[in-house]
Amino acid sequence: MTRLLASVMNVEEADCALQGGADIIDLKNPLAGALGALPAPTIQSIVKFVQQRVPTSATVGDLPMQPDILYQAVQQTMCYGVDYVKIGFWGKQISLDCIEILQPLTQQGGKLIAVLFADQQPDLNSLCHFARAGFAGVMLDTANKQAGNLTQHLNQQTLKVFIQKAQILGLINGLAGSIGLAQISQLMLLSPFYLGFRGALCVAQQRQSVLQIGAVKQIREAIHNCKKELKVA
Ligand SMILES: O=C[C@H](O)COP(=O)(O)O
């Protein structure tokens, strides 16, 4: 069952996302980059508003691949009460030091999601390292939001390998990166755990503008229709 993850930047947008039928509320500041972090009080107020009706996740920001900086940011974000913390692993070669330093946090119960970037051709052999360090999941997104969507950077076969590897390793898996209605049927064939959206849910499809209930409903309906079709087939 593929879920709809909606990235929101405040309580009003979280309300719209829930009304529109989002399954996961992702807390992110699109004005501050691909994985821009929201201020602590905003995260806390959204978590309080959602009241565990659906799972929440939050991004730690577009941080450099420096183990100590990542550790601090993840530890801090875990304290805000979100269910999952999303961390960007930038570049083609994934830093083992950055994965390993986070292992104590997964052992303390932190549910971490590693975000790899499709437009940076990440090494998919790294997935086993995330699993070994106790990460809860992995997802693909795009770093440069001006340079095309997920499917323009990685072909269907590569996306399939990503999802299958994650599933074999027992990792939650997600696909995102400027995707919208046009990509849903193709991506649903891969049965990801979730599809993630921001731009497609906003006014004029601009991820830095305001999220709209109608757009969330449309995306949700498209995912549900695909589920039905796949069942029939
Ligand atoms: O986690 C999902 C992202 O927020 C997707 O953002 P986007 O659809 O604007 O690329």
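1. Start with Lys28: in this predicted model the residue is buried, because 25 other C-beta atoms lie within 10 Å and 20 or more is the cut-off for that label. Lys28 sits in the loop between β2 (24-27) and α2. Setting aside residues up to four places away in sequence, Lys28 touches Ser7, Met9, Leu35, Gly36, Leu38 and Thr59.

2. Next, Lys86. You'll find this one in strand β4, residues 84-89. Lys86 is buried too, with 27 other C-beta atoms within 10 Å. Beyond its neighbours within four places in sequence, its contacts are Leu35, Ser57, Ala58, Thr59, Ile113 and Val115. Leu35 and Thr59 are worth a look, as both turn up in the contacts of Lys28 and in those of Lys86.

3. Why pair these two lysines? UniProt, in an unreviewed entry, puts the feature "active site" at Lys28 and Lys86. They span 59 residues in sequence, yet their C-alpha atoms are no more than 9.8 Å apart, so the two gather at one spot. Do keep in mind that such annotations may be inferred rather than shown by experiment.

4. Now for some backbone angles to check. Gln51 has a positive phi of about 50 degrees despite not being a glycine. Gln51 belongs to the loop between α2 (40-50) and β3 (56-59). Is Gln51 buried or exposed? It is exposed, since just 8 other C-beta atoms come within 10 Å and 12 or fewer counts as exposed.

5. Gln52 is also a non-glycine residue with positive phi, near 60 degrees. Gln52 lies in the loop between α2 and β3, and is exposed with 9 other C-beta atoms within 10 Å.

How values were computed. Residues are numbered from 1 along each chain as its sequence is written. This is a predicted model: local features need pLDDT of at least 70, side-chain atom pairs count only at pLDDT 80 or more; totals for chains, interfaces and linings use all residues. Helices (H or I, at least four residues) and strands (E, at least two) are DSSP runs, numbered from the N terminus. Two residues are in contact if their C-beta atoms, placed from the backbone, lie within 7 Å.
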